[in-house]
Amino acid sequence: MNSKTNTSFLINFLDKNLETISWGLYVVAAVLFIQGLRLMNSPKTARKGNKVSIIGMLLAVFVALFTTGYNKFETAVGLYAVLAGGIIGIVLGVLLGKNTKMTSMPQLVSLFNTVGGGAAALVAINDIINPAIQSFPKSGQAHGFVEVGTGVYNNTVLTFTPDNLAMIGKIDHVALITAILGIFIGCITFTGSLIAAGKLQGILSGNAIKMPGCIIINILCIVGALITGIMIFTNALHLKLFPEIVKLFPEIVHSIPLWKLVLLFAGFALVLGIAFVLPIGGADMPVVISVLNACTGTAVAMTGFVINNVVMIVAGALVGAAGAILSQLMAKAMNRSLVSVLVGGFGNSTKISDADSGFSQQLKETSADDLAIQMIYAKKVIIAPGYGLAVAGAQHEIAELTNLLEEKGVEVQFAIHPVAGRMPGHMNVLLAEASIPYEKLLDLDDANSQLIQADVALVVGANDVTNPAARRKGSSISGMPILNVDEAKNVTVIKRGQGKGYAGIENELYGLPQTSMLYGDAKKMVAEVVLAIKEL
Amino acid sequence: MSPTVIAITLFVLALIIGIAIIGRVPTTLHTPLMSGANSIHGVVLIGVIIVAGHINSPSSAIIIFLASFFGTLNVVGGYVVTDRMLEMFKPKKSQEIDSDTKITTEPISISVEVITQEAQKKGNK
């Protein structure tokens, strides 16, 4: 008897308070996300931070499943769709996450960003073209951009009749606008991140791809998106906002079903995403990924507005802020404004520098054995890694070299330029994989104060970030902070070939008297140096 | 107050918190941070689940299926990758002593306890 009354009490309690309880638990999840990001401040607590954030996510998903299940899925199809998609997502996510090489991390993050933006856009699309009256059936309170009314929206095609206009009553304008924005931002992120991932993976050319009609495509898409966006707005609102305009073209406005408008709108945004990232060079991809990451966060927050969900709003805003700050830090490190990065790559200004650096440099080649001897008798060696190290996957050889040199009493440090590699902190992750302690990694300012005292500076696959041309005027990278590698007593550059860096200009470092070149794949060359040291 | 006003307030406050927290992250952790933030925006999955409760047409079933796939891939993949990256961020010494990911102060406090216990045992003898 007791248990029966207990359960009926519980059901009664849940009926009355489910919304409040779930809201409270969502707040807890949001706090866990904040706490998780805060713990990522320090390398010591970072992993714990990620776990705290995972707990927040599990809690939020559980609450969402429970409340939706408790209020009954309107059709079982909904539950199956979520479960089927979820299972595929879990399997693929674990497989990709576990098996992707550390050197391909940036494109993987970009790929996950792609699907995140896609999901946000899809939820927003669904909310406009299938605007079920998203009410909690038991409490009768609606959420979604429709506040009262039942069943009118079950047709995907919305037709304008005085009847349903009267029934719709109040419509939340802000929620509708945010849904439209959610589609827009989500779609741009979807194709934008996909292109960025393609560029990093080498499927697409990493160079800035200039299409002659690019500006025209951009303008057409923006105008198209603006028009269709406004049409969606007026169509979904049943044209309460611009009756004068609608009276001018009633046939056109009424004859286009809402879902066609939404697809058209999404299409414009998708093309815009491609046109936005294609002209940006591979060297700027870190900034682009960061910006797109922020965009997805914002799109998620927008979708959160539509269904009035606290954890989506808070988490989306957090990610938006993270991406924005990171992008700014990155752009600052390259001494360029965020706008100039996003408008187009280095390609525009390289013409000037090609003309003035037309001199041919006298390059001096060295051998692995010479480098080995030079380093063993040095007191301090500073290694400046770059994208070449990531491509060759030479981090373990570098770690072995470091250990060998330290056994011989040589002090080894790493000079990490903020934009070395293809992501902020790309080098740090790679070197950490080879268990090089993070205390050995110097940031730009520390590295430059140490480089003056260094006997040997070893540049492994880094180019533009070491070019002294940045310190004088008239070069396309002028003003970009660089590692002052040339201040070390001896400089050796390990480089695949005689090609240029992403900025497309000669590196004046290579022509300096203290610099010698070691041509070859970073992994192979470092291994040869290690072997040479062992044989000594 | 309308829910929209509350929602906007939440959004603005969360932005400020985000800026305050993230502004202090060292460069070393930028990639894992980006990856971690990337998985957090997978909360869109909550929206997918809520909306799935009100499916009323085949088209929305397809949309929800795709969205659920995308959202979960974002969440699961993101967290797995972030954890893999952070696993490597350990100082050399503690990695040899303890492969667990507890806070580094713990082993130290344990070892202090062990030492004092041993000292007591010796004293008892």
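## A walk through a predicted two-chain model

Let's start at one residue: A:His417 is buried, with a relative accessible area of just 1%. That puts A:His417 well under the 20% cut-off for calling a residue buried. Keep in mind that what you're looking at is a predicted model. Where along chain A does A:His417 sit? You'll find A:His417 in the loop between strand S2 (411–415) and helix H18 (426–433) of chain A. The side chain there has a polar partner: one of its polar atoms lies 2.7 Å from the backbone oxygen of A:Pro481.

Now zoom out to the chain that holds this histidine. Chain A runs to 536 residues, and 57% of them count as buried. Its secondary structure comes to 20 helices and six strands. The domain assignment cuts chain A into domain 1 (19–99), domain 2 (104–343) and domain 3 (355–535). If you take the C-alpha centres of domain 1 and domain 3 of chain A, they are 42 Å apart. As for how the chain contacts itself, take the contacts with a separation of 6 or more: in chain A, 78% of these are between residues 24 or more positions apart.

Chain B has 125 residues, with buried residues making up 53%. How many helices and strands does chain B have? The tally is six helices and zero strands, so the run of elements from the N terminus reads α-α-α-α-α-α. Looking again at contacts with a separation of 6 or more, 68% of those in chain B come from residues 24 or more positions apart.

Next, see how the two chains meet. The contact draws 115 residues from chain A and 84 residues from chain B. In chain B, the residues that lose the most area to chain A are B:Met34, B:Ile49 and B:Arg84, and together they give 8% of what that side buries. Interface size is often quoted as the accessible area that is lost when the parts come together. For chain B and chain A, the buried area is about 8900 Å², and carbon and sulfur atoms give 76% of that.

What about the polar side of this interface? Between chain B and chain A there are 11 residue pairs in polar contact, counting pairs with both residues at pLDDT 80 or more. On the chain B side, the elements that give two or more residues to the contact are helix H1 (3–22), helix H2 (30–40), helix H3 (44–52), helix H4 (58–87) and helix H5 (92–97). H4(B) supplies the largest share, 28 residues. Sort the chain B residues that touch chain A by type and you get 49 nonpolar, 30 polar and five charged.

Salt bridges are a good way to round off the tour. Over all chains, the rule counts seven of them. One pair joins two chains, because A:Arg47 lies in helix H2 (residues 46–70) of chain A while B:Asp83 lies in helix H4 of chain B. Their side chains meet with an N to O distance of 2.9 Å. Across the interface of chain B and chain A, the rule finds one salt bridge. Are A:Arg47 and B:Asp83 buried or exposed? Both of these residues are buried.

Inside chain A, another salt bridge pairs A:Lys523 with A:Glu397, and here the closest N and O atoms are 3.9 Å apart. This pair links distant parts of the chain: A:Lys523 is in helix H20 (residues 522–535), A:Glu397 is in helix H17 (residues 395–407), and the two are 126 residues apart. The two ends sit in different burial classes: A:Lys523 is partly exposed at 36% relative accessible area, whereas A:Glu397 counts as buried at 15%.

There's also a salt bridge between A:Arg471 and A:Asp486, whose side chains meet at 2.4 Å, N to O. Both residues lie in the loop between strand S4 (456–460) and strand S5 (490–495) of chain A, so the pair ties together parts that are 15 residues apart in sequence. A:Arg471 is partly exposed, with 46% relative accessible area, while A:Asp486 counts as buried at 13%.

Methods. Residues numbered from 1 in each chain as written. Chains lettered and ligands numbered in written order. Predicted model: local features only at pLDDT ≥ 70, side-chain atom pairs only at ≥ 80, totals over all residues. Heavy atoms only, no water. Contact = heavy atoms within 4.5 Å. Buried area = accessible area lost by both parts, 1.4 Å probe. Salt bridge = Lys/Arg side-chain N within 4 Å of Asp/Glu carboxyl O. Polar contact = N/O pair within 3.5 Å; in protein donor to acceptor, adjacent residues only side chain to side chain. Helix = DSSP H or I, 4+ residues; strand = E, 2+ residues; numbered from the N terminus. Nonpolar A, V, L, I, M, F, W, Y, C, P; charged D, E, K, R; others polar. Domains from an automatic or database assignment. Buried < 20%, exposed > 50% of the residue type's maximum accessible area, 1.4 Å probe, protein only.
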